[in-house]
Amino acid sequence: MSRRRWWRLAAASLVVAVVAWSLVGTGVGFGSVIAGRDGAGRILAGLFPPALDRPLLAQVGRASIETLQIAVASLVLGAVLAVPLAGLIAGNVAAPRWLAGAARTTATVLRGVPDLLWALLFVAAVGLGPAAGVYAISLHAAGMLAKLWSEQLEAVDPAPVEALRLTGAPRAAVASLAILPQARTNLLSQLLYQWECNVRASVIVGFVGAGGIGQELGVALRLFRYQELATLIIAVLLIIASQDQLSRWIRAHYGAASRRPDWCG
């Protein structure tokens, strides 16, 4: 057997061993699925029919509106934080090295902490409610947007950038006149995708008391109100589907890229 073939076989064996180790370590398998079939059956049977009484629908409507408010507010705050960070991180903006390093570290910390953990911290700091959700999601979004926007800024055509720099234009003028106009459609596209991520995140952080429809989902699940849970799940699906269509329309209108990035489920 050749050395190359031996290395391939060794790599494949290692991958199989790691996958098996992960499955065994997490208890995934047919045994756990079969053991949980009764509980899953009770939940599925309890979901039908969804509750449709008027007071509940009004409550779901208020929670849905609050979810959208959390997503929009966190997007604006996150974008405001991300703009200076992305500008400092982008190599073609040529910010001082120490400042670019500090911005890169800040963005890494912001996106490295999951939004759910940020939510737990803010619920403990500012109390239960949508404000905690907005703070949590905006910090995580700022870290993600800073990284992605800086990559888009660096990917522009360097010729106009260098031409303007040779005229002696300052960094801010180079960034605003030569870099930003080339990257703006991709920046808009990623902003819209981050908005979609924020809606999904606002549902998740609600489970720890950070407001929105996720908080109502958590209450219904803990109190075994499965028919209410079904209504809330339908509302979540309608919110996400409507938002997807709206963001697609905006992207198409402005000619922005429509490829879904990997960071958002």
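**A walk through a helical chain**

The largest nonpolar core holds 36 residues, and Trp-118, Trp-149, Leu-153 and Ile-179 touch the most other members. Five helices give two or more residues to this core: α4, α5 (97-112), α6 (115-126), α7 (130-154) and α9 (171-205). Of these, α7 gives the most, with ten residues. Keep in mind throughout that this is a predicted model.

Look at Trp-149. Which residues does Trp-149 touch, leaving out those up to four places away in sequence? The list is Ala-79, Ala-82, Val-83, Ala-86, Leu-187, Gln-190 and Leu-191. The residues Ala-79, Ala-82, Val-83 and Ala-86 in that list fall within α4, which spans residues 54-89. Leu-187, Gln-190 and Leu-191 fall within α9, residues 171-205. Trace these contacts in the structure above.

A second core lies apart from this one. It has 23 residues, among them Leu-56, Tyr-226, Leu-229 and Ile-250.

Now follow helix α4, residues 54-89. Val-76 sits in this helix. Is Val-76 buried, partly exposed or exposed? Val-76 counts as partly exposed, because its relative accessibility is 48% and the partly exposed class runs between 20% and 50%. Next, compare Val-76 with Gly-212. In sequence, 136 residues separate the two. In space, their C-alpha atoms are 17 Å apart.

Turn to the other end of the chain. Helix α1 covers residues 3-26, and Val-19 lies in it. Val-19 is partly exposed, because its relative accessible area is 44%. Which residues join Val-19 in a nonpolar surface patch? They are Val-15, Leu-23 and Val-28. Together, the four make a patch of about 340 Å².

Next come the loops. Most residues other than glycine have a negative phi, and most peptide bonds are trans. Three places in this model go the other way on one of these points.

Start with the bond between Phe-48 and Pro-49. This peptide bond is cis, with omega about -10°. Pro-49 belongs to the loop between α3 (37-46) and α4.

Move on to Ala-94, in the loop between α4 and α5. Ala-94 is not a glycine, yet its phi is positive, at about 60°. Ala-94 is partly exposed, because its relative accessible area is 34%.

Then find Phe-224. Its loop runs between α10 (212-222) and α11 (226-254). Phi of Phe-224 is also positive, near 60°. Is Phe-224 buried or exposed? Phe-224 counts as exposed, because its relative accessibility is 59% and the cut-off for exposed is over 50%.

Finally, set the database record beside the model. An unreviewed UniProt entry gives the annotation "transmembrane region" to residues 70-95 and 116-137. How much of residues 70-95 is helix? The model has 77% helix and 0% strand there, with the end C-alpha atoms 33 Å apart. Residues 116-137 are 86% helix and 0% strand. The end C-alpha atoms of this span lie 8 Å apart.

The unreviewed UniProt entry also lists "domain: ABC transmembrane type-1" for residues 64-247. Over this stretch the chain is 85% helix and 0% strand. Its end C-alpha atoms are 18 Å apart.

Note on methods. Residues are numbered from 1 along each chain as its sequence is written. This is a predicted model: local features need pLDDT of at least 70, side-chain atom pairs count only at pLDDT 80 or more; totals for chains, interfaces and linings use all residues. Side-chain values use heavy atoms; hydrogens and water are left out. Patches are made of residues with over 30% relative accessible area and no salt bridge: like charges are joined within 9 Å, nonpolar side chains (Val, Leu, Ile, Met, Phe, Trp, Tyr) within 5 Å. Accessible areas come from the Shrake-Rupley method with a 1.4 Å probe; for residues, only the protein chains shown count as cover. A salt bridge is a side-chain nitrogen of Lys or Arg within 4 Å of a carboxyl oxygen of Asp or Glu. Helices (H or I, at least four residues) and strands (E, at least two) are DSSP runs, numbered from the N terminus. Buried means under 20% relative accessible area, exposed over 50%, partly exposed in between (1.4 Å probe, protein chains only). UniProt positions are given in the numbering used here, feature names are shortened, and annotations may be inferred rather than shown by experiment. A nonpolar core is a set of buried Ala, Val, Leu, Ile, Met, Phe, Trp, Tyr and Cys residues joined through side-chain atoms within 4.5 Å. Contact means heavy atoms within 4.5 Å.
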